[in-house]
Amino acid sequence: MNDINDLIEALSIEQLKALINKAHELTEQKKSGEIEAIREQMVEMAKRVDMAPEEVLNYSSRKRRPGKPKYRNPNDPEKTWTGRGKPPRWLKDMEDPESCRIPE
């Protein structure tokens with residue numbers, strides 16, 4: 001490791017700048033090569049499950065089904081709440097929220 005440090009120490013400012021530029025160029029070239037290799041691996045892996053790489057990246061094993069409404073707004077029957085998440089204002093404002101429960 002001292003050999004490389006000795007070489008760097010011996011360089012002029014212009015040579016160091018050229019070395020830095022060359023290192024950046026080589027870094028980008030190697031990065032491009034690795035990205036291409038990863039891309040090819042992803043395509044092959046996706047083919048194993050009959051999918052495109054984009055489909056694999058966007059895939060979620062947790063399928064979210066729309067919840068069944070459990071509460072209905074008596075003043076506006078179009079408004080319902082499944083019981084998931086934050087309760088709507090119309091339900092919070094009710095004296096007896098259970099009176100809005102939809103019978104099963």
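**Note on the predicted model**

1. Leu-19 counts as partly exposed because its relative accessibility is 41%. This is a predicted model, and the values here are to be read with that in mind. Leu-19 sits in helix α2, which covers residues 13–48.

2. Leu-19 also belongs to a nonpolar patch on the surface, which it makes together with Ile-4 and Ile-8. The area of this patch is about 240 Å². A residue needs over 30% relative accessible area to be part of a patch, and Leu-19 has 41%.

3. The structure has 1 aromatic pair. Its members are Tyr-71 and Trp-81, with ring centres 5.4 Å apart and 35° between the planes, a geometry classed as tilted. The pair links distant parts of the chain: Tyr-71 lies in strand β1 (residues 71–72) and Trp-81 in strand β2, with the two positions 10 residues apart in sequence numbering.

4. Are the two members of this pair buried or exposed? Tyr-71 is buried, because its relative accessibility is 9%. Trp-81 is buried as well, with a relative accessible area of 13%. The cut-off for buried is under 20%.

5. Strand β2 (80–81) is followed by a loop that leads to α4 (89–92), and Gly-83 is found in that loop. Gly-83 has a relative accessible area of 37%, so this glycine is partly exposed.

6. Gly-83 can also be placed relative to Arg-101. The two are 18 residues apart in sequence, and their C-alpha atoms are 9.8 Å apart in space.

Key:
Residues are numbered from 1 along each chain as its sequence is written. This is a predicted model: local features need pLDDT of at least 70, side-chain atom pairs count only at pLDDT 80 or more; totals for chains, interfaces and linings use all residues. Side-chain values use heavy atoms; hydrogens and water are left out. Patches are made of residues with over 30% relative accessible area and no salt bridge: like charges are joined within 9 Å, nonpolar side chains (Val, Leu, Ile, Met, Phe, Trp, Tyr) within 5 Å. Accessible areas come from the Shrake-Rupley method with a 1.4 Å probe; for residues, only the protein chains shown count as cover. A salt bridge is a side-chain nitrogen of Lys or Arg within 4 Å of a carboxyl oxygen of Asp or Glu. Helices (H or I, at least four residues) and strands (E, at least two) are DSSP runs, numbered from the N terminus. Buried means under 20% relative accessible area, exposed over 50%, partly exposed in between (1.4 Å probe, protein chains only). Rings of Phe, Tyr and Trp (its six-membered ring) pair if their centres lie within 6.5 Å; planes under 30 degrees apart count as stacked, over 60 as edge-to-face and the rest as tilted.
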